[in-house]
Amino acid sequence: MKKFDFKNLRIGKVDINDLNDKTLLLNLYITQLLTLIIGIIIVLFQSNSKILSALSFQGGWRVIIWGCLFAVVVLGVDLLISRWVPKEVSDDGGINQMIFGNRALWHIALISFIVSICEEVLFRGAIQHAWGPYWTSILFAAIHVRYLQHWLMTGMVFCISYGLGWIYLHTGSLWTPIIAHFMIDMVMGCILRFSKEEDQGS
């Protein structure tokens with residue numbers, strides 16, 4: 001039986017230009033699946049009796065309104081930042097452009113939906129129960145590695161995460177941050193997709 005040679009295993013920085021679309025999507029979906037699995041495992045080992053009621057769609061329109069209002073505020077702030085701050089400050093290395101830039105509208109919606117469900121189950125549903133919104137947001141900002149070289153974007157990711165945690169606590173429904181997260185990713189994905197189309201047309 002052939003043994004795997006761990007000595008030849010190398011972990012290094014991946015050049016975005018070396019990634020093709022299939023590899024990028026595969027990495028995205030595998031990462032989100034692992035995120036969801038870890039979140040579910042943590043929830044199962046916690047004495048978190050509130051999680052089931054948080055996952056049920058209680059609150060109706062209140063949940064939707066809070067999620068939508070938070071998303072509108074975040075998108076408004078992001079618009080101001082993109083207008084007044086140099087582009088290099090908000091640069092993520094081109095990852096978001098690669099994910100959304102050539103994607104069909106239905107695929108942008110699908111990616112946004114999957115990411116919002118998986119990340120909110122882990123961070124708001126599982127980790128926040130143990131750590132609270134502040135330390136959860138520190139971790140949330142830290143895993144968005146592509147923003148860490150820019151303090152402004154890292155700060156914004158932290159604030160968004162803290163806000164998602166706050167609206168979750170305020171409404172008691174995990175669907176509130178899921179809706180907000182979905183709307184933010186969906187709108188930002190559409191902006192990246194259609195602004196690129198406009199640039200090519202001009």
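This passage describes the helices, surface, ring pairs and salt bridges of one predicted protein model.

In the predicted model, local features are reported only where pLDDT is at least 70 and side-chain atom pairs only at pLDDT 80 or more, whereas totals for chains, interfaces and linings use all residues. Residues are numbered from 1 along each chain as its sequence is written, and side-chain values use heavy atoms, with hydrogens and water left out.

The protein contains 7 helices and 0 strands, and its elements follow the order α-α-α-α-α-α-α from the N terminus. Helices (H or I, at least four residues) and strands (E, at least two) are DSSP runs, numbered from the N terminus. Of the 202 residues, 39% are buried; the term buried denotes under 20% relative accessible area, exposed over 50%, and partly exposed the range in between (1.4 Å probe, protein chains only). The accessible surface amounts to about 12700 Å², and carbon and sulfur atoms account for 69% of that surface. Accessible areas were computed by the Shrake-Rupley method with a 1.4 Å probe, and for residues only the protein chains shown count as cover. Among contacts between residues at least 6 apart in sequence, 81% join residues at least 24 apart, a contact being heavy atoms within 4.5 Å.

A nonpolar patch on the surface is formed by Leu26, Ile30, Leu33, Leu34, Ile37, Ile38, Ile40, Ile41, Leu44 and Phe45, which together have about 1000 Å² of accessible area. Patches consist of residues with over 30% relative accessible area and no salt bridge; like charges are joined within 9 Å and nonpolar side chains (Val, Leu, Ile, Met, Phe, Trp, Tyr) within 5 Å. Leu34, one of the patch residues, is located in helix H1 (residues 21–45) and is partly exposed at 48% relative accessibility. Ile38 also belongs to the patch and lies in helix H1; its relative accessible area of 43% makes Ile38 partly exposed. The C-alpha atoms of Ile38 and Leu122 are 6.9 Å apart in space, with the two positions 84 residues apart in sequence numbering.

The structure holds 5 aromatic pairs. Rings of Phe, Tyr and Trp (its six-membered ring) pair if their centres lie within 6.5 Å; planes under 30 degrees apart count as stacked, over 60 as edge-to-face and the rest as tilted. One pair, Tyr134 with Phe158, is edge-to-face, at 5.6 Å centre to centre and 80° between the planes. Tyr134 lies in helix H5 (residues 105–143) and Phe158 in helix H6 (residues 151–171), so the pair ties together parts that are 24 residues apart in sequence. Tyr134 is partly exposed at 43% relative accessible area, and Phe158 is partly exposed at 21%. Ring pairs join Tyr134, Trp135, Phe158 and Tyr162 into a cluster.

Other residues of helices H5 and H6 were also examined. Ala141, in helix H5, is buried at 6% relative accessibility. Ala141 and Val157 are 16 residues apart in sequence, and their C-alpha atoms are 5.5 Å apart. Leu169, in helix H6, is exposed at 56% relative accessibility. With residues up to four places away in sequence not counted, Leu169 touches Gln128 and Pro133. Leu169 and Pro133 are 36 residues apart in sequence and 9.0 Å apart from C-alpha to C-alpha.

Side chains of opposite charge can pair when their charged atoms come close. The count comes to 2 salt bridges, each defined as a side-chain nitrogen of Lys or Arg within 4 Å of a carboxyl oxygen of Asp or Glu. In one salt bridge, Arg103 meets Asp21 at 2.7 Å, N to O. Arg103 lies in the loop between helix H4 (95–100) and H5, and Asp21 in helix H1, so this pair ties together parts that are 82 residues apart in sequence. Arg103 is buried, with a relative accessible area of 6%, whereas Asp21 is partly exposed at 38%.

A salt bridge also links Arg124 and Glu120 (2.7 Å, N to O). Both residues lie in helix H5, 4 residues apart, about one turn of the helix, and both Arg124 and Glu120 are buried. Arg124 additionally lies over the face of Phe140, 5.1 Å from the ring centre. A charge sits over a ring if NZ of Lys or CZ of Arg is within 6 Å of the ring centre and within 35 degrees of the ring normal. The charged end of Arg193 is likewise placed over the ring of Phe194, at 5.5 Å from its centre.
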